[in-house]
Amino acid sequence: MMLKKFILGGMTALVLAACGGSEGGSGASSAPAQSAVSGSLIERINNKGTVTVGTEGTYAPFTYHDKDGKLTGYDVEVTRAVADKLGIKVEFKETQWDSMMAGLKAGRFDVVANQVGLTSPERQATFDKSEPYSWSGAVLVARKDSNIKSLADIKGVKTAQSLTSNYGEKAKAAGADLVAVDGLAQSLTLIEQKRADATLNDELAVLDYLKKNPNAGVKIVWSAPADEKVGSGLIVNKGNDEAVAKFSTAINELKADGTLKKLGEQFFGKDISVQ
């Protein structure tokens, strides 16, 4: 498992690992879309109406169905909390990642909540993002008894990586001896089996793995500095500045009252709203 935003190619299951592009979706023009729902987004927010939200529903732990079939996940519950703050209703529309951003552009929904970071100039020209509700960057993972403590320590060291990801490129640049794998779970298994010594990967993907596998014999030994992390927020079409401001205010209030910390600990075992 890696995360949708960062992968350069290959995998379709997590880093911003779970999708093919930088922020996914098909190409988009910079023209703002007209919503399929009557009234502007800010009007529906101000009138306590319903806002439609595009999400995958198949991208745990961010957006997925629990054992009872209920749509949940970190992004889903953050969106619900934002809606509660604003006194509005949300209607989730589950959509495949490849068509999600195009669906937002076309007005099939008002907002996307799916770990989108808007890092590319093309997306920044087409969409706007609220205040981030999660942050992620690279982390280095090794066995709990390892002496590896920084990127400098993986020079000449067997490092399990997907060769098509930017993490593989980063490990290669650090002089690591790359061991090719299909994804994060395989990387960590090889480390525990002592067939590799480390892996460089996405922080949120690693935290998710460690929460689901508390007895894993690995740990995070290094994290990227804060200025290298990417923030994910609620995404809307350009031309919705007032709505973005409302969302951002609500997210900041959720940070201040501890709601985001609680949700981060619930889904990851750590507050991921802090850069």
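Here is a short conversation about strands, helices and cores in this predicted model.

User: What makes strand 9 and strand 10 a pair?

Analyst: Pairing takes at least two bridges. Strand 9 (residues 158-161) and strand 10 (residues 177-180) have four bridges in the parallel sense, so they count as a pair. As one example, lysine 158 has aspartate 177 in strand 10 as its bridge partner.

User: Which helix joins these strands in a β-α-β unit, and what is its handedness?

Analyst: That is helix 5 (residues 166-173), and the unit is right-handed. The term applies because, with the strands pointing away from the viewer, the path from the first strand over the helix to the second runs clockwise.

User: How do you know that helix 7 and helix 9 meet?

Analyst: Contact means heavy atoms within 4.5 Å. Leu204, Leu207, Asp208 and Lys211 in helix 7 meet Glu265, Gln266, Phe267 and Phe268 in helix 9. By class, this contact has four nonpolar, one polar and three charged residues. The axes of the two helices come within 8 Å and cross at roughly 60°.

User: Why is the largest group of 35 residues called a nonpolar core?

Analyst: The name fits because its members are buried nonpolar residues joined through side-chain atoms within 4.5 Å. Among those with the most contacts inside this core are Ile45, Tyr74 and Phe268. Helix 2 (74-86) gives the largest share, seven residues.

User: Which residues does isoleucine 45 touch?

Analyst: Leaving aside residues up to four places away in sequence, isoleucine 45 touches Val51, Leu86, Ile88, Ala243, Lys246 and Phe247. A second, separate core of 15 residues includes Leu151, Val157, Tyr167 and Ala224.

Conventions
Residues are numbered from 1 along each chain as its sequence is written. This is a predicted model: local features need pLDDT of at least 70, side-chain atom pairs count only at pLDDT 80 or more; totals for chains, interfaces and linings use all residues. Side-chain values use heavy atoms; hydrogens and water are left out. Axes are lines fitted to C-alpha atoms, for helices over the stretch in contact, and angles run from 0 to 180 degrees between N-to-C directions. Ala, Val, Leu, Ile, Met, Phe, Trp, Tyr, Cys and Pro count as nonpolar, Asp, Glu, Lys and Arg as charged, and the others, Gly among them, as polar. Buried means under 20% relative accessible area, exposed over 50%, partly exposed in between (1.4 Å probe, protein chains only).
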